[in-house]
Amino acid sequence: MPIDPTLPYDDNNIFARILRGEIPSTPVYEDEWAFAFEDINPQSPVHTLVIPKGKYVSWDDFSAKASAEEIAGFIRAVGHVAREKGLVEPGYRLLAKIGAHGGQEVPHLHVHILGGQFIGPMVMAR
Ligand code: AMP
């Protein structure tokens with residue numbers, strides 16, 4: 001079920017629990033600002049999620065409220081993970097869903113890194 005973007009941050013969302021180590025994940029990268037782990041239901045040969053360590057519901061929340069350091073750290077982490085995965089050539093896709101129309105299901109900002117094959121059309125066929 002897509003989230004309601006008007007709700008406040010839920011400390012018990014599944015990615016918050018992964019960050020606290022309460023739920024296992026397959027870690028890929030971690031630094032002061034971000035944590036990356038493998039998607040449990042991969043949609044392409046590489047499907048890695050990158051989340052900020054701060055409590056942000058979505059890209060909207062993050063871009064409005066995060067500090068310049070948090071934003072820089074998070075964006076650098078996404079690029080770093082993609083490079084470490086060897087995706088820069090021949091390319092990859094980043095995806096961030098925001099709210100109901102975006103189809104976001106987990107209410108902690110996450111960027112999907114998808115690669116390892118051509119990812120296909122940008123959006124669902126109309
Ligand atoms: P979204 O639809 O953008 O909110 O994506 C949520 C993503 O989280 C989906 O691709 C799920 O497969 C993934 N996911 C859900 N639970 C877990 C988990 N415990 N570990 C790793 N990925 C998860």
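This presentation covers the sheet, the helix across it, the salt bridges and the ligand surroundings of one predicted model.

Let me begin with the sheet. Five strands form an open sheet, and their order is β1-β2-β3-β5-β4, with antiparallel pairing. At the edges stand β1, residues 27-30, and β4, residues 92-95; each has a single partner strand, so one side of each is left without a neighbour in the sheet. As for the twist, neighbouring strands here are turned by 20 degrees against each other on average, with direction ignored.

I should like to look at one of these edges in detail. How is β1 joined to β2? The connection is a hairpin through three residues. The two strands, β1 and β2 (residues 34-38), pair in the antiparallel sense over three bridges. Along this pairing, Glu 30 stands opposite Phe 35 in β2, and Pro 27 stands opposite Phe 37 of that strand. As a general reminder, side chains in a regular strand alternate between the two faces of the sheet.

Next, the helix. Which strands does helix α3 lie across? Helix α3, residues 68-84, lies across β1, β2, β3 (46-52), β4 and β5 (111-115). Relative to β3, the helix runs at about 160 degrees.

I now turn to the charged side chains. The structure holds six salt bridges, and I shall discuss some of them. One is formed by Lys 55 with Asp 11, where the closest N and O atoms are 3.0 Å apart. What does this pair tie together? Lys 55 lies in the loop between β3 and α2 (59-65), and Asp 11 in the segment before α1 (14-19), so the salt bridge connects parts that are 44 residues apart in sequence. Lys 55 is exposed, its relative accessible area being 52%, whereas Asp 11 is partly exposed at 36%.

Elsewhere, Arg 17, Arg 20 and Glu 22 are linked in a network of salt bridges. Within this network, Glu 22 forms a salt bridge with Arg 17, and their closest N and O atoms are 3.2 Å apart. The side chain of Glu 22 also meets that of Arg 20 in a salt bridge, at 2.8 Å from N to O. Are these residues buried or partly exposed? Glu 22 counts as partly exposed, at 43% relative accessibility. Arg 17 is likewise partly exposed, with a relative accessible area of 32%, and Arg 20 is partly exposed with 41%.

Finally, the ligand. Which residues come nearest to the ligand? There are 16 residues around the ligand, and of these Asp 39, Lys 97, Glu 105, His 110 and His 112 come nearest. For Lys 97, an N or O atom of the side chain is 2.8 Å from an oxygen atom of the ligand. The backbone takes part in polar approaches as well: an N or O atom in the backbone of Val 106 lies 3.0 Å from a ligand oxygen atom. For Gly 103, a backbone N or O atom lies 3.5 Å from an oxygen atom of the ligand.

To close, I return to the sheet: five strands with antiparallel pairing, and helix α3 lying across β1, β2, β3, β4 and β5. Thank you.

Technical notes:
Residues numbered from 1 in each chain as written. Predicted model: local features only at pLDDT ≥ 70, side-chain atom pairs only at ≥ 80, totals over all residues. Heavy atoms only, no water. Pairing = 2+ DSSP bridges. Helix = DSSP H or I, 4+ residues; strand = E, 2+ residues; numbered from the N terminus. Axes fitted to C-alpha atoms, helices over the stretch in contact; angles between N-to-C directions. Contact = heavy atoms within 4.5 Å. Salt bridge = Lys/Arg side-chain N within 4 Å of Asp/Glu carboxyl O. Buried < 20%, exposed > 50% of the residue type's maximum accessible area, 1.4 Å probe, protein only. Near = heavy atom within 4 Å. Polar contact = N/O pair within 3.5 Å; in protein donor to acceptor, adjacent residues only side chain to side chain.
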